Amino acid sequence: MKLSQVNDLSVLTDEQLRRIVYDGVSTAPAHADVALLLGSYPHLCAIRAAAAARLHREGYVPAIVPTGGVEWGVEGVTKSEADLMLDTLLAAGVPEDAIIPEREARTTKENMLFGAVQINRALRFEKVQRVCIVTSPDHMRRSLALARWLLPRHMEIVGVAAFEP
């Protein structure tokens, strides 16, 4: 069953809803030329950035693009999503030269578009064959669809869902 075939979500069982939202979402590490790390609320930024840091530390991705320009007040300081994730990545031991921040995006679509600009500037599209999208499980299917639509066609798009530890 596809969500587009349902007019009233209340008629679905919990299992049907789970399958619609999460089927095909993977937490398995994936090798890629770069990870596109999508911003969100501060709590989710930390979870997502920790997952991307693990991918880097374990040798799955050599570069990470934390993307997000929405600003949040955290502990009396206002920072963009990208900068919140940058802090988490650095604290987790990811070297600064492996991080390519994007601080303008305000939507998932913009995460893809503006993240793509950063990927092209830093790594050149022709050298990037595989991109790993790192986001929350319930955001993954939509994010992958947007990435496949907006990123260059020669790139393989994979996803790694970041679960709360």
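## Solvent exposure, salt bridges and helix packing in a predicted model

Glu71 is exposed, with a relative accessible area of 55%, which places this residue above the 50% cut-off for exposure. The structure discussed here is a predicted model. Glu71 belongs to strand S3, which covers residues 71-74. Leaving out residues up to four places away in sequence, Glu71 touches Thr78, Lys79 and Ser80. Its C-alpha atom is separated by 9.4 Å from that of Arg106, a residue 35 positions apart along the chain.

**A buried position in strand S2**

Ile64 lies in strand S2, residues 64-67. Its relative accessibility is 0%, so Ile64 counts as buried. Beyond its neighbours within four places in sequence, Ile64 is in contact with Val34, Ala35, Leu37, Ala52, Ala53, His56, Leu89, Val94, Ala98, Ile99 and Ile100. Ile64 and Val134 are 70 residues apart in sequence, while their C-alpha atoms are 9.6 Å apart in space.

**Cysteines**

Cys45 is buried, at 0% relative accessibility. Cys132 is likewise counted as buried, with a relative accessibility of 0%. The structure holds zero disulfides.

**Salt bridges**

How many salt bridges does the structure hold? There are three, and the table gives the residues of each pair with the N to O distance.

| Acidic residue | Basic residue | N to O distance |
|---|---|---|
| Asp87 | Lys79 | 2.3 Å |
| Asp83 | Arg103 | 2.8 Å |
| Glu156 | Arg130 | 3.2 Å |

In the pair formed by Asp87 and Lys79, the side chains meet at 2.3 Å. Asp87 is partly exposed, at a relative accessible area of 34%, and Lys79 is partly exposed at 28%. Lys79 is also one of the residues that Glu71 touches.

The closest N and O atoms of Asp83 and Arg103 are 2.8 Å apart. Asp83 lies in helix H3 (residues 81-91) and Arg103 in the loop between H3 and helix H4 (108-123), so this salt bridge ties together parts that are 20 residues apart in sequence. Arg103 has a relative accessibility of 40% and therefore counts as partly exposed.

For Glu156 and Arg130, the closest N and O atoms are 3.2 Å apart. This pair links distant parts of the chain, with Glu156 in strand S6 (residues 156-161) and Arg130 in strand S5 (residues 130-135), 26 residues apart. Glu156 counts as partly exposed at 41% relative accessibility, and Arg130 is partly exposed with a relative accessible area of 24%.

**Helix H4**

Helix H4 has 16 residues. From its first C-alpha to its last, H4 reaches 21 Å, close to the 22 Å expected at 1.5 Å a residue. Which residues of H4 are buried? They are Thr108, Asn111, Met112, Gly115, Ala116, Gln118 and Ile119. The buried residues of H4 pack against strand S1 (34-38), S2, S5 and helix H5 (137-150). Among these partners, S2 is the strand in which Ile64 is found, and S5 is the strand that holds Arg130. Just after H4, Arg124 takes a positive phi of about 70°.

Definitions and conventions:
Residues are numbered from 1 along each chain as its sequence is written. This is a predicted model: local features need pLDDT of at least 70, side-chain atom pairs count only at pLDDT 80 or more; totals for chains, interfaces and linings use all residues. Side-chain values use heavy atoms; hydrogens and water are left out. Helices (H or I, at least four residues) and strands (E, at least two) are DSSP runs, numbered from the N terminus. Buried means under 20% relative accessible area, exposed over 50%, partly exposed in between (1.4 Å probe, protein chains only). Contact means heavy atoms within 4.5 Å. A disulfide is a pair of cysteine sulfur atoms within 2.5 Å. A salt bridge is a side-chain nitrogen of Lys or Arg within 4 Å of a carboxyl oxygen of Asp or Glu. The expected span of a helix is 1.5 Å times one less than its number of residues.
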